[in-house]
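Before reading on, please take a moment to look over the sequence and the structure shown here. The paragraphs that follow go from the contacts between chains to the interior.

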Amino acid sequence: MEKNLALVLVLAPFFGFLANIFFGKKAGKGFVGLLGTLSILISFFATTYFFMQIQSTGKPIEVKLFPWIALESFQIDMSFLLDQLSVLWLLFVTGIGTLIHMYSISYMHDDENMHKFFAYLNLFVFFMITLVMGSNLLVMFIGWEGVGLCSYLLIGFWYKNQDYNDAAKKAFIMNRVGDLGLLIGIFILAYVFGSLDYHLIARDIFSQELSATDSALISIAALCLFIGATGKSAQIPLYTWLPDAMAGPTPVSALIHAATMVTAGIFMVTRLNFVFDLAPNVQTIIAVIGAGTAIVAAAIGLVQNDIKKVLAYSTVSQLGLMFLALGLGAYEVAVFHVITHAFFKACLFLGSGSVIHALHGEQDMRNMGGLKKVMPITFWTMMISTLAISGIFPFAGFWSKDEILMTAFHGNTILWVVGSIASIMTAFYMFRLMYLTFFNDFRGTEHQKKHLHESPALITIPLVILAILAAVGGLISLPGNSWLNHYLAPLFHKAHEAHHLDGTAYMLMGIATVGALVGIGMAYAKYLKKQEVPEQDSEITGIAKVLYNKFYVDEAYEMLIVNPLYKLSHFFRKYIETAVSELLFGLGKVTNSIGNQGKLVQNGSVGVYLFAFVLGLSSILIYLFLV
Amino acid sequence: MNTLIAISGLGVLCLLVEMFNARKAIVPITILGLLAILGYNISVYNTLGTFYNNMMLVDRFSVAFSSLFIVITTVLITMSHEFYKDRPTKISDFVAIKVFMLAGGVAMVSFGNLAMFFLGIEVLSISLYILAASNRLSLKSNEAGMKYFLMGSFASGIILFGIALIYGATGSFDLTTIYQVTHTASYPQWYIIGTIMVVIGMLFKIAAVPFHFWAPDVYEGAPALTTATMSTLAKVIAVATLYKLAIILVPGQTYAFQMIIVVVAMASMLLGNIMALRQNNVKRMLAFSGISHAGFMVMTLLISNNSANILLYYATSYAVAGLAIFAVIFYVMKDKENETIDNFNGFGKTHPLLAAVVTTSLLSMAGIPILSGFFAKFFLLSQVIQTGWIVLVIVAIISSIISVGYYFKIILAMYTKDSEQELTSIPLVYKIVAILLLVANIAIGLMPNLVLNLIS
Amino acid sequence: MSILTIFYILAAFTLATGFLTVVSKNPIHSAIYLVLCFFSVAGHYLMFNAQFLSLVHIIVYAGAIMVLILFTIMLMNLNKENEPNKNLLSKISAAIAFGLLGFVMLATFIKTMPIIDTYKQSGQDYQSIKVLGKVLLNEYMVPFEFASVLLLVAMIGAVLLSKKSTSIQ
Amino acid sequence: MQNILEQIGIENYIYLSVLLFCIGAFGVLYRRNAIIMFMSIEIMLNAVNLLLVAFSTYHQDAQGQVFVFFSMAVAAAEVAVGLSILVSIFRNTGSIDIDNLKNLKG
Amino acid sequence: MNVSFILILLLFGAIATYFAGDKLAKTVALVFSLASAVFSVYILNLHQAGINPSFISQWITNPNVFIALQVDGLSLAMLLLTTFLTTIIIFSSFGNQYNNSKTFYALVLFMSFAMIGTFLSADAFLYYIFWELALIPIYFIALVWGNGDVEERKRAIIKFFIFTLAGSLFMLVAFIYLFQKAGSLMLSDLYAVRLTSQEQFWIFLAFFLAYAIKIPIFPFHTWQANTYQKAPAVGTMLLSGIMLKMGLYSVIRWQLPIAPIAAKTYMNIFIALSVVGVVYGSIVALKQRNLKKLLAYSSLAHVGLIAAGAYSLSVDGLRGAVLQMIAHGFVVVGLFFAAEVIERRFQTQEIAEMGGIRIQDSKFASLFMIVMLASVALPSTFNFVGEFTLLYSLYNVNIWFAIIAGTTIILGAVYMLNMFKNVMLGDKDSRVFAVVTTQEIIVFVVIIAVLLFFGMYPKPISDLVTPPLQEIVGRINRL
């Protein structure tokens, strides 16, 4: 029963995918949307069942399907694991997934390839479920690469535009860089533990003393795994693909590039927390990189004008905060922020999608403004989410972000300062977004103005649901009395002290709130009071220009990695290839020139021939008798 | 033992038939005669011994090789009627000379006395001088005959000198006596000098480097049928004789002697193949190819185990492939001003069957399995490697690789270029001969035991 | 005058005429020197007491071969010094070849020459016409007959090559 | 019957024939007149014949002399064939200079 | 019924095809290839049932040569690969019209015959003969039916021929030497012969030359790209799909067990060379403008990895190599077929002249994409299974090998996605791309089905090939 249900959970989206890709076009758009959404909904219900189950029994459920890859020392099965972590993840993946599918029915209604869109989305959910549910690292890797593929497909959904295709390609390739790291990490773990099964690795770690080499290897493995996570979760140095990934349709950005796929890195680290616990150095690296990503991305977000780009950088920044928490060993805190972030960021993306939809594809905030009255539902839901992300009491973000900062404060003050500054920046650019989009007067064309309208119900309902969740999501882990911590406790093996609600805690909350308010105030002063509109691209100067151009990281990569690689390719092709062939042709040429010399000797004269005869005769006689 | 007499008689018969104005019957009669002699020759396969006061030494070696010579001659004569179609008056001469040449060859492989050997080689050489120059009006043919004559006489002088020295050292021309003297008593060093000079003379005949210079020029200039005769029959005869001489005369194969053979073999293989790469004239190219094959065959002198069998196998495979190619060349090069590879252009499209024959024969020469050439090289090299001359094997391999370059030049011309000449029908004789030889080639390849165990 | 002195004189004569044959510019002169050379060789044969051989030698070489050659020279009207100058290189190479071959062979023989003190003396007749005839027609019967094939081939060849054929024109 | 070699020595005959042989070889290499080249070859064959006879005496054996007969036959046959080739060349080119025969090369 | 029947069947098929005439030739060829595929499945059944369908008979008595065809899991896997791929390849060519197609298809069947012989032979002499025989038909296929300028084609193909022949002749020398040592060329006798490490080194090297050229391993690969480009699609598929597997198979079957000491001593060098090939091939592929050449270089990278795995001398490495051989066989045939599908319509291989195909034919785009993704080893495809196992085996030798070879994961994605973007995507629709035919779809679907099925469930193949591989590794390690 459980096995079958688990299969239903996994395969429902897959069948949705198959049905949509093969029959979607003929069946019509209504069918496509319905089928796509329903298949996720089924998964969601199945997940709910398992959630209940695990809530009550607390025992993980393992579903073994069939042996997959056989290696000499061990075997890798195709099997699934449903435990606290995976079920929790599944819950919001399928839940938010359902909402976003629903949203897409309306959003993508005019696209001729809507069936493909739903097929890809279903496929994505399928792979995401595989990623989360896999009971060993390699099954997870199927999902891991699978979601990358879907991300590629969906970013490049409008494939006629080669820029979009480039963005898709970039996402896939940068993910692959991380994947190599992940794969190496997997190899090391397999080598050390002789297994890739989470349970078995954990059992080995706790049951036996590790030798020094093994410990060192595990550190390397942890680092490699983290490299994998930086790819998928868009951390320094592999984060640049995520902003570009906004080329995809907005629901994709919401689902894949905000709520689910990009959190896979966090999932993986949490999943393997026992491995990371053994590598404190790597944890420090994770924390530093997380904090660095948070502030760098936030800084870039300050000056972006594309509404989705702002949200993208915001996502990167928030993911950085999560890694900060992970690096400090506070896995449950990171998970908490993942969940709240999923709510509000999905809401924000969907809201921005609603705006873009209303403006017929306009994404530049400089051409928006004054939409508050036309689109009240969108405005309010987004407002709630913005407050949540800015960390304003009592919205969900407040609680989760506060937990992270508190952990940071206890861990390392510098990290806390960095995190806090990132939070202030977040508040600033989010409100900048809100002000530019919804307040003041509309700055777009007359044509657009005429057609401004609130989005239909299929779009607004998910917005409302997500906004509610963004408002109250914090309840799952209130300081002092955290359901989440309690729920996740069986996963973590290193005792982690919970933060008490003491004076420091309140003080930190206060500082955070004040910081957020400062950010909001600055945005208010600049964009609402003075009604400033960001200048055109060409007029940007100074630090802003550096920020606007994302610290020139893309250019740097281009110059340092891509171009040398292409130059190398050119060099190989032009010189090495020819050199190797020439070397061999050279031998041919040598024989030819010998042949030519021979032709000269063979000049038709009997005298020469006889001379050679005599020479041969003489030399043989000399060799035999005179030497 | 009576083979020699029968063949000589057949030659005379040819001339007589001409006298009786039965020109058309010459070729069939000769073929029938040769086949009969072949049958006789095979029947004496088991009656071995020495005859005519030790003048003839009939053993399995001589019988097997004589049979091969007879077969080759039969094939050549079969084609000669068609080849000499425009010179009917002289056909008896051509046929008779070839038959006498065969007699010379038989004398050479079954000699029991150096006099027989010397006369045999002279009959062979003089026949070839005549045949090479036989196209009297062609300057090329004249030149070929003259060059071959001058150099051949020179080589004859060397051989004769060698024989004189051998006689001087042992006091006899009789092989058995010489063998006994050299293996029991001490003998003057002249003997070695003498054998070396005889061997060098024979190296000239098989066209091994550095005594090979005549071959390309003569092959090119001589009429095609003569070239075929030289490159198959004469070469095989010379190699067999060289083998017999070296085995019997050179006592206890010293290191120095082996060294000479190794150097000559390597030089022949490499130079022959490298030079062949640069040739455009098909006959000339085959001459160089023949030089390299001579290098291969000379290697049999180094090996002790089973060498005669391997030589026979190699020679057979080489002759079969060579004759098949020449059968097609006769047709392709007929009445052509130049004899370049271009004449083969488009042959694959116009005559797919004959093109296939040429291709397979060339592949056989290049040593591609399952054709007999491969087996020949394999058997040969597998014995050579046992002697420890691995360098030689490597050189053989490298030269085989080079050889692919020029063999494939012809194949490429046949299959990738377009023909610019109109189609003419192929004479039936050539076609039949070519196909039979192809079948023989593959059969020998698939069943090497047919030939491989004849001697030992 | 010892036999050795006679030998030396005769040998010198042989070599000298041989050399002159080779270097004379006029073919007729060469031919004449060659005939002289043949006679001197016949003289050597006589010294060996091989009268029959020396006679046959003179008949065959001087009488047949040289006449044939001279006849050809006359036929072609070559009795003048019409040979163009050879280039120096080929002269040098011929000289080198000569020197080398002579040196090598002589050196080889000198080096390998056994010391022969006594010569065999069978005391039997071994070179009279009778003995030669017996050997030739008993032991060497087959080669003797085979030589006829050789001559037959040469004959056919000579005819084939020199006869003006009428059928082609 | 006395062996003449006792007074002269076989080595002298060997040297003589070697020298004569070399002179013949030199002639073949040195001259371009085909006829003289033929003559040179005859000198070479004569050298060998002389050697054979010397050895015949040395061994007191008739075979060597018999061999000389074959050698003579060969010489005669060769000259006949050679001259007929020469004649046909002369008919074609009007020259017997061997250096004119350089069409075949390479 | 023993396995020799399959050879007879194919040989007879080649002859029958030739005499069937130009019109019927392809059908006849397909029927025979299909029959051989069915028969190979029958052999598989025999094998699974524990019946040994091997065939041995004396051929030449002196020297001792046998016609020995041996069936074990390894050769059986290759047999199945060859027969099935041949069928697919022949079927894939139904969209083309070849001049003189009777000869063409006869050659294809003949080549299949020779390749199967290579895989089955248990006598080195026979093996060598088949090995060389396989070269002749592909030479003519590429030469006569190839594309591009005749002179260039000739040069490329003669280069290919001489290269491979040169390599294999050195192998022949090694065999001759072994023959002297062992007195027979039967595989079992060669395994048993004792060699000093010096001898082993030279023999190993001679084998390596032959196989490195065939596979090809850097720097012996220069024949590859040009030949692939010039050969007709069928030729390219045969070459890349099956023929280069001959080299890899031979490494496992002949090279490693015969010269185990040398293999162990020098394994790092040979792995390094192979790994260099992986990176090198990938990097060169980045800038290729010709579609078939790009695929050729990608193939170079992939087989480099397989070779590296084979030289790692572990069961994992060998098994990964075999799995990847099969996976690569199918995927590369799929890729070249995609190139052919485009070439049929656009008459070009230049990537710059393509683009905008997906707008016109999204079905083809999807099929092509799946095959492409399999070639970049997306998990759940067969190639991932192979590549994972291979990289893991390399990791066990040295982590740097795994990392460097692993860059193929990244670089492969780079050039493949670039290619896909430039070939398929965009809105250029100046050239009309006729929709893929059912026949073409069938080819793709079969290939994709194989890739996905074994990607999820490689166990049958894995179980089939493991016992012989364990035996080989055991033999290597025993010494």
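Of the eight pairs of chains in contact, which share the most contacts? In this predicted model, that place belongs to chains C and D, where 66 residues of chain C are in contact with 65 residues of chain D. On the side of chain C that touches chain D, the elements giving two or more residues are helix 1 (3-23), helix 2 (27-47), helix 3 (51-76), helix 4 (88-112), helix 5 (129-137) and helix 6 (141-162) of chain C. Helix 1 of chain C gives the most to this side, with ten residues, and when the residues of the side are sorted by class, 48 are nonpolar, 14 polar and four charged.

Chain E stands apart from both of these partners. Chain C and chain E do not touch, their nearest C-alpha atoms being 38 Å apart, and no contact joins chain D and chain E either, since their closest C-alpha atoms are found 24 Å apart.

Turning to the interior, the largest nonpolar core holds 769 residues, and the members that touch the most other members are Leu324(A), Ala346(A), Ala470(A), Leu150(C) and Leu248(E). The element that gives the most to this core is helix 13 (residues 307-332) of chain B, with 21 residues. To follow one of these members, Leu324(A), the reader can set aside its neighbours within four places in sequence, and Leu324(A) is then in contact with Ala287(A), Gly290(A), Ala291(A), Ala294(A), Ile404(A), Ala408(A), Leu415(A) and Gly419(A).

Definitions and conventions: Residues are numbered from 1 along each chain as its sequence is written. Chains are lettered from A and ligands numbered from 1 in the order in which they are written. This is a predicted model: local features need pLDDT of at least 70, side-chain atom pairs count only at pLDDT 80 or more; totals for chains, interfaces and linings use all residues. A nonpolar core is a set of buried Ala, Val, Leu, Ile, Met, Phe, Trp, Tyr and Cys residues joined through C-beta atoms within 7 Å. A residue is buried if 20 or more other C-beta atoms lie within 10 Å of its own, exposed if 12 or fewer, and partly exposed in between; C-beta atoms are placed from the backbone. Helices (H or I, at least four residues) and strands (E, at least two) are DSSP runs, numbered from the N terminus. Two residues are in contact if their C-beta atoms, placed from the backbone, lie within 7 Å. Ala, Val, Leu, Ile, Met, Phe, Trp, Tyr, Cys and Pro count as nonpolar, Asp, Glu, Lys and Arg as charged, and the others, Gly among them, as polar.
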